[in-house]
Amino acid sequence: MSQATPLGAGPGRGEPLLAVSGLRKYFPVKGLSFGGPSLVVKAVDEVNFAVWPGETLGIVGESGCGKSTTARLVMRLIEPDSGQVRFEGRELAGGSNASLRAVRSRMQMVFQDSYSSLNPRLPIEDTIAFGPRVHGTPRAEARERARRLLAAVGLDSARFGRRYPHELSGGQRQRINIARALALNPRLVFLDEAVSALDKSVQAQVLNLLVDLKAEFNLTYVFISHDLNVVQYISDRVLVMYLGKVVETGPVDVIYNAPRHPYTQALLSSRPSMDPERRITVPPLTGDPPNPINPPSGCRFRTRCSFAEEVCARVEPPLLALPCGGHDVACHMMVPNSGHSRAGQAS
Amino acid sequence: MSSSFAVATSAISTGDRLVEVNDLTVRFVSKDTTIHAVNGVSFTLAAGEVLGILGESGSGKTVTLRALMRLLPEGRTQIGGTVRVAGHDVLGLSPGALSRVRGSTIAMIFQEPMTALDPVYTVGYQIAETVVRHENVSWAEARRRTLDLFEKVQIPSAQRRLDAYPHELSGGLRQRAMIALALSCRPSVLLADEPTTALDATVQIQILLLLRSLQKELGMGVVFVTHDVGVAGEIADKLAIMYAGRFIETGPVTPIMRAPRHPYTEGLLASTVHGAMRGQRLKAIQGSPPNLEILPAACSFAPRCPRVADICLAGVPPEVPTGPDRMARCVRITQN
Ligand SMILES: Nc1ncnc2c1ncn2[C@@H]1O[C@H](COP(=O)(O)OP(=O)(O)OP(=O)(O)O)[C@@H](O)[C@H]1O
Ligand SMILES: Nc1ncnc2c1ncn2[C@@H]1O[C@H](COP(=O)(O)OP(=O)(O)OP(=O)(O)O)[C@@H](O)[C@H]1O
Ligand code: SF4
Ligand SMILES: [Mg+2]
Ligand SMILES: [Mg+2]
């Protein structure tokens, strides 16, 4: 049992493509504190993880646990309060605007809302060509690339290229968003609830497409979703967040078949059974996630955890690597001599 | 035929036919277009029974539910067919009679509770007010009933929560308050429009289990709309799969989930991702959902169907029996 590396334990495949350590963002809350102490939402609090080239890292957790904020911080769409982000071996903190822009083009993001992220007054071919144009690609070449990408996402450029966003279905618009993200030849793509708004029949098409494009363009994905089944399908490794903290991370099979954190266990067994003859009879968890403005002391999960003991309120459990390697858990039951009555039994 | 989905030949609601819908159609007409939202839906619902309506966005689920309460914009909406709820001819009721039936006989839970709860009043006041209005009881009595309801829907610190405004409650508590509001006048039929879709997984299962136990305890008939087959599997006794405003497959929940017969249901289940599919290519349904401005005189699924043949374009497929209490609207299904 050892302290996890600051990068989170990795599968030992050399240098990670992305390494995040100590990432933190507290949002001030306006209007609630008349003269009193100013309140903050601890949206992302000392988050560490790494992504290796060619893999898909899934991020799961309930609404408001900090998934999108984590992605936005890494992309520098918002400034972190503290923490390091290394991408392709280079430190991103405090870089100049020009170097940041160059790096950012190699990290792209696809959002959930397919409509609001497209320019309504631009034909979709021009939307896709826009990024390359800004980065100095000649007009004809940018257009040619846009057409190739339209074909890559399964849309015939002759038929669709001159259409406007409102003339497309939700699934088609999401394909445009993906094509646009790929137009700058990124290495890493953050997919933030990228298929969540789509109908199941269309979602399957887009998931197949994402798998194909990953192979074709040598991509690495960070796949954020509240849909636990989709994350299981697409991810190689999974990171579980609760109230701004990483509580567990490991290979997808380990997380889904042998989760060790009580929250991960409850979250996964909250999934519908898919068998009406074997329905869930007892809710795995009671209550809602607590308010992130004033998270519980010690382990943030303790207010809903059925194993919580005195130490859980007093001490924050560290994210520790289990001996098997590549599997990190933040729970006192996993920490030898933590003071929890079940400490160290697990293994 | 004993199917509880069978189209009744005589439109008399008796015995266990709490809800009886016959050839329901709903169109939205404006000067430049007509939307054919619901195109001939028929079903019956018994007391104590849960019907799950499963379908993708725009298939007509919400419009069907709203038609059962006549909660649709009067001027632009054309409704056809018959809807009988506990003996009332809903589509023929006078406005006064309709508002008495709403709430006390049939009540609805909405997908987004914020739209149903008024932000300027406390949740306790809103529920008590409904009870006073419908049941002519004193405010003290209504408030006591509201507290009972809050306890029944398992809102912790119920007494204190009565005085909370909707925005002061978490998503899960708001949905519980919404359920309390819907139950406040002891309806015999509860309509639930995706009541858990906006909730987190751990909260969703709590609400589903709550609805299931309340439904059993109160013996209500429930129509539960969802786009998530897993959710339907946790709550429904029988399922109706909706596509382009029609029920294209109906029957008891287990056989449909284990062995769907309509090509659309097959495709929908095959494209619903679950763990065992890791590493496999998903069998997606090609194409996109239909345009409801045109009502084809053929199978609406034909343009996307892997089994399409000329016969599919000859007319709207009839109900083909596919097993005990089961039917599918597909002419390519061999009967058994
Ligand atoms: N710009 C902001 N200002 C203030 N608070 C914010 C801001 N952005 C996010 N938050 C808060 O930070 C927390 C984390 O939000 P975030 O959007 O990262 O969650 P998430 O895990 O992506 O949730 P969801 O599943 O709902 O998308 C939430 O409590 C949210 O309300
Ligand atoms: N008031 C209205 N006026 C015009 N068209 C409407 C109106 N309400 C619904 N529609 C249309 O009727 C069709 C069916 O809509 P409905 O809301 O029933 O879909 P749904 O199955 O509930 O979908 P979702 O899963 O997205 O909620 C859609 O094409 C919708 O755009
Ligand atoms: S640290 Fe304590 S409260 Fe937190 S998950 Fe482990 S046992 Fe539960
Ligand atoms: Mg988010
Ligand atoms: Mg709806």
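An oxygen atom of ligand 2 sits 3.0 Å from a polar backbone atom of Gly60(B), which puts the pair inside the limit for a polar contact (a pair of N or O atoms within 3.5 Å; within protein, one must be able to donate a hydrogen and the other to accept it, and residues adjacent in sequence count only if both atoms are side-chain atoms). Side chains join in here as well: a polar side-chain atom of Ser57(B) lies 2.6 Å from an oxygen atom of ligand 2, and for Lys61(B) the distance from a side-chain N or O atom to a ligand 2 oxygen is 2.7 Å. Taken alone, ligand 2 exposes 640 Å², and the protein buries 67% of that (accessible areas come from the Shrake-Rupley method with a 1.4 Å probe; for residues, only the protein chains shown count as cover).

Before going on, a word on what you are looking at. This is a predicted model, in which local features need pLDDT of at least 70 and side-chain atom pairs count only at pLDDT 80 or more, while totals for chains, interfaces and linings use all residues. Residues are numbered from 1 along each chain as its sequence is written, chains are lettered from A and ligands numbered from 1 in the order in which they are written, and side-chain values use heavy atoms, with hydrogens and water left out.

Back to ligand 2 and its shell. In total, 15 residues surround ligand 2, and the closest are Ser57(B), Gly58(B), Lys61(B), Thr62(B) and Val63(B); a residue is near a molecule or strand if one of its heavy atoms lies within 4 Å of it. By class, the shell around ligand 2 splits into six nonpolar, five polar and four charged residues (Ala, Val, Leu, Ile, Met, Phe, Trp, Tyr, Cys and Pro count as nonpolar, Asp, Glu, Lys and Arg as charged, and the others, Gly among them, as polar). Both β2 (34–45) and α1 (61–69) of chain B supply at least two residues of this shell, with α1(B) giving the most, three residues. Helices (H or I, at least four residues) and strands (E, at least two) are DSSP runs, numbered from the N terminus.

Now hop over to chain A and ligand 1. Its surroundings include Phe27(A), Val41(A), Glu62(A), Lys67(A) and Pro292(A). An N or O atom in the side chain of Ser63(A) is 2.6 Å from an oxygen atom of ligand 1, and the side chain of Thr69(A) brings an N or O atom to 2.5 Å from a ligand 1 oxygen. The backbone takes part through Gly66(A), with an N or O atom 3.0 Å from an oxygen atom of ligand 1. On its own, ligand 1 exposes 640 Å², of which the protein buries 62%. The shell around ligand 1 draws at least two residues each from β3 (40–51) and α1 (67–74) of chain A, and α1(A) makes the largest share with three residues. Five nonpolar, five polar and two charged residues make up the shell around ligand 1.

Ligand 3 has another set of neighbours. Of the 14 residues around ligand 3, the closest are Cys299(A), Cys305(A), Cys312(A), Cys331(A) and His332(A). Its shell holds ten nonpolar, three polar and one charged residues. Cys305(A) counts as buried because its relative accessibility is 17%, and Cys331(A) does so at 9% (buried means under 20% relative accessible area, exposed over 50%, partly exposed in between; 1.4 Å probe, protein chains only). What about disulfides? A search of the whole structure finds zero over all chains, taking a disulfide as a pair of cysteine sulfur atoms within 2.5 Å.

Away from the ligands, helix α4 (residues 123–135) of chain B is worth a look. At 1.5 Å a residue, its 13 residues should span 18 Å, and its end C-alpha atoms are indeed 18 Å apart; the expected span is 1.5 Å times one less than the number of residues. Among the buried residues of α4(B) are Val123(B), Gln126(B), Ile127(B) and Val132(B). Asn136(B) follows α4(B) and has a positive phi, near 60 degrees.

Most residues other than glycine have a negative phi. Leu243(A), not a glycine, has a positive phi of about 45 degrees; this residue lies in the loop between β10 (237–242) and β11 (245–251) of chain A. Leu243(A) is buried, at 6% relative accessible area. In chain B, Glu194(B) likewise has a positive phi of about 45 degrees without being a glycine, and its loop runs between β7 (189–193) and α8 (201–218).
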